[in-house]
Amino acid sequence: MAATERLTDKLKSRGIRMTPQRAIILAAIEQVPGHITAEEIFENVQRVNSYINLATVYRTLDLLRELDLVTEADMGTGAMHYALRTHGTHHHAICRTCGRSIEFSDDLLESLTRELRARYRFIADANHTVIFGWCEGCLIDSPPAAP
Ligand SMILES: [Zn+2]
Ligand SMILES: [Zn+2]
């Protein structure tokens, strides 16, 4: 898979040693088009090599995050979701009641990140943002207290 080569190449080009375990974990991450949790990665790599433990998965994810190759997002499920940077810039509006995720495009956040920079000299890491709220269907069933 071309994507696998890219990720391993990116690590190698930064002087990171490529172990067989690490290569299997990277391949598992790249097989997923969207997000994946550490537990899901662990399940996938276990099918390939049962000697790989969860701690190794977490260490690899930490490394990828330090290298800015993955983003971490709390999708409200209790486990962090990881996505490759190549997943593309988009954001999620997630319903607190039913868990539905509405993907929205970056132009909606543009003015916010621009103003944060202009007013507060703050550079937002808004490559993959999650906003929680309530979807239309759940609002009809049980409206939340007025904000
Ligand atoms: Zn996403
Ligand atoms: Zn809902």
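## Helix H5 and the residue after it

Arginine 121 comes just after H5 and takes a positive phi of about 50°. The model is a predicted one.

H5 itself covers residues 107-120, 14 residues in total. From first C-alpha to last, H5 reaches 20 Å. That is close to the 20 Å expected at 1.5 Å a residue. The number of buried residues in H5 is zero, so the helix lies largely in the open.

## Packing of H2 and H4

Two packed helices are described by the angle between their axes and the distance between the axes. For H2 (residues 20-30) and H4 (residues 54-66), the angle is about 75° and the axes are 10 Å apart. H2 is therefore roughly perpendicular to H4, as angles of 65 to 115 degrees count as roughly perpendicular.

H2 brings Gln21, Arg22 and Ile25 to the contact. H4 brings Thr56, Val57 and Thr60. By class, the residues of this contact are two nonpolar, three polar and one charged.

## Two domains

The domain assignment splits the chain into domain 1 (1-75) and domain 2 (89-147). Their C-alpha centres lie 27 Å apart.

How many residues of each domain are in contact with the other? Domain 1 supplies four residues and domain 2 supplies five. On the side of domain 1 that touches domain 2, two residues are nonpolar, one is polar and one is charged.

Terms used. Residues numbered from 1 in each chain as written. Chains lettered and ligands numbered in written order. Predicted model: local features only at pLDDT ≥ 70, side-chain atom pairs only at ≥ 80, totals over all residues. Axes fitted to C-alpha atoms, helices over the stretch in contact; angles between N-to-C directions. Helix = DSSP H or I, 4+ residues; strand = E, 2+ residues; numbered from the N terminus. Parallel < 35°, antiparallel > 145°, perpendicular 65-115°, else oblique. Contact = placed C-beta atoms within 7 Å. Nonpolar A, V, L, I, M, F, W, Y, C, P; charged D, E, K, R; others polar. Domains from an automatic or database assignment. Expected span 1.5 Å × (residues − 1). Buried ≥ 20, exposed ≤ 12 C-beta atoms within 10 Å, placed from the backbone.
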